Amino acid sequence: MSTETGTYTVRSIRADEWPAVKALRLRALQDPVAHLAFVDTYDSAAARPDGYWQERTIGAAEESVSARQFVVVAPGGEWVGSAAVLVEAGGSTDWAGFAVEQDQGHIVGVYVRPEYRGRGLTERLFAAALDWAWEAGLHRVRLIVHEENTHAQGFYRKAGFQATGVVVPLKGQDGREDARELEFAITRDAVREAPESGSA
């Protein structure tokens, strides 16, 4: 799947592109708000062997049916943004220990390099991710966002996602809750029912 966005291209990653996947992920984990946006850290990611990145890339490449990672490619070929969709099977348990009630998508790893923000690239990544999810037969897509990441929450609402009321507690080193993650979700039916842009 590939779409042109002006002079930028949004497309699925390929299985042999693990060095670029690794480089962009490490860059994302150095972002000033990475502690709010990602559960991973730069130090832990940088220490992982190449085999980890190869496996991660294969698992989300264009041939995969269990996950799909999309990237924004700048005119010169440089990757400047990314987002991935994981397929969560109904009846399973998610990473936080919550039951997954139905087959659904889970958007993770959303990132656009700061100097490329404000150009509609995040919107294009979300459009590609949702299109893939709907084509895969999923009827619900969700994401988890830190309660203090109000900027991201605003974007997700604008993209049609709604807070579901599900709260995931985050525990500090002492084992006590020190923050919370909030679930936002969108359904295929909600997208179909949304009014056309610019309509009265």
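What follows is a walk through this predicted model, from one helix to the nonpolar cores and then to the largest pocket.

Start with helix H6, which spans residues 150-158. Ala-152, Gln-153, Phe-155 and Tyr-156 are buried here. Viewed down the helix axis, these buried residues fall within an arc of 160 degrees, so they line one face of H6. An α-helix has 3.6 residues a turn, so residues three or four places apart point the same way. The face of H6 turned away from the buried side carries Thr-150, His-151 and Lys-158, which are exposed. Just after H6 comes Gly-160, with a positive phi of about 105 degrees.

Tyr-156 leads inward from H6. Leaving aside neighbours within four places in sequence, Tyr-156 is in contact with Val-110, Phe-126, Leu-143, Val-145, Phe-161 and Phe-184. Tyr-156 also belongs to the largest nonpolar core, which has 31 residues. Together with Ile-107, Val-141, Leu-143 and Phe-161, Tyr-156 is among the residues that touch the most other members of that core. Strand S2 (8-12), S3, S4, S5, H5, S6, H6 and strand S8 (177-187) each give two or more residues to this core. H5 provides the largest share, nine residues. Another core lies apart from this one. That second core has 17 residues, including Ile-13, Ala-67, Trp-79 and Tyr-111. In soluble globular proteins, nonpolar side chains tend to be buried together.

Now the empty space. The largest pocket has a volume of about 1,400 Å³. It is lined by 46 residues, and the closest to its centre are Ala-37, Phe-38, Val-108, Gly-109 and Val-110. At least two lining residues come from each of helix H1 (18-28), helix H2 (34-37), strand S3 (67-73), strand S4 (79-88), strand S5 (104-112), helix H5 (121-135), strand S6 (140-146) and H6. S5 gives the largest share of the lining, seven residues. By type, the lining divides into 26 nonpolar, ten polar and ten charged residues. Val-110 ties these parts of the tour together: this residue is in contact with Tyr-156, and is one of the residues closest to the pocket centre.

One last stop is strand S7 (residues 162-171), where Gly-165 is found. Is Gly-165 buried or exposed? Gly-165 is exposed, because its relative accessible area is 64%, and the cut-off for exposed is over 50%. Across the chain, the C-alpha atoms of Gly-165 and Glu-183 are separated by 6.8 Å. These two residues are 18 residues apart along the chain.

Note on methods:
Residues numbered from 1 in each chain as written. Predicted model: local features only at pLDDT ≥ 70, side-chain atom pairs only at ≥ 80, totals over all residues. Heavy atoms only, no water. Buried < 20%, exposed > 50% of the residue type's maximum accessible area, 1.4 Å probe, protein only. Helix = DSSP H or I, 4+ residues; strand = E, 2+ residues; numbered from the N terminus. Arc of directions from axis to C-beta. 1 Å grid on protein atoms, 1.4 Å probe; cavity = no way out; pocket = protein on both sides within 12 Å on 5 of 7 lines; lining within 4 Å. Points joined across faces, edges and corners; volume = space filled by probe spheres on them. Nonpolar A, V, L, I, M, F, W, Y, C, P; charged D, E, K, R; others polar. Core = buried A, V, L, I, M, F, W, Y, C linked by side-chain atoms within 4.5 Å. Contact = heavy atoms within 4.5 Å.
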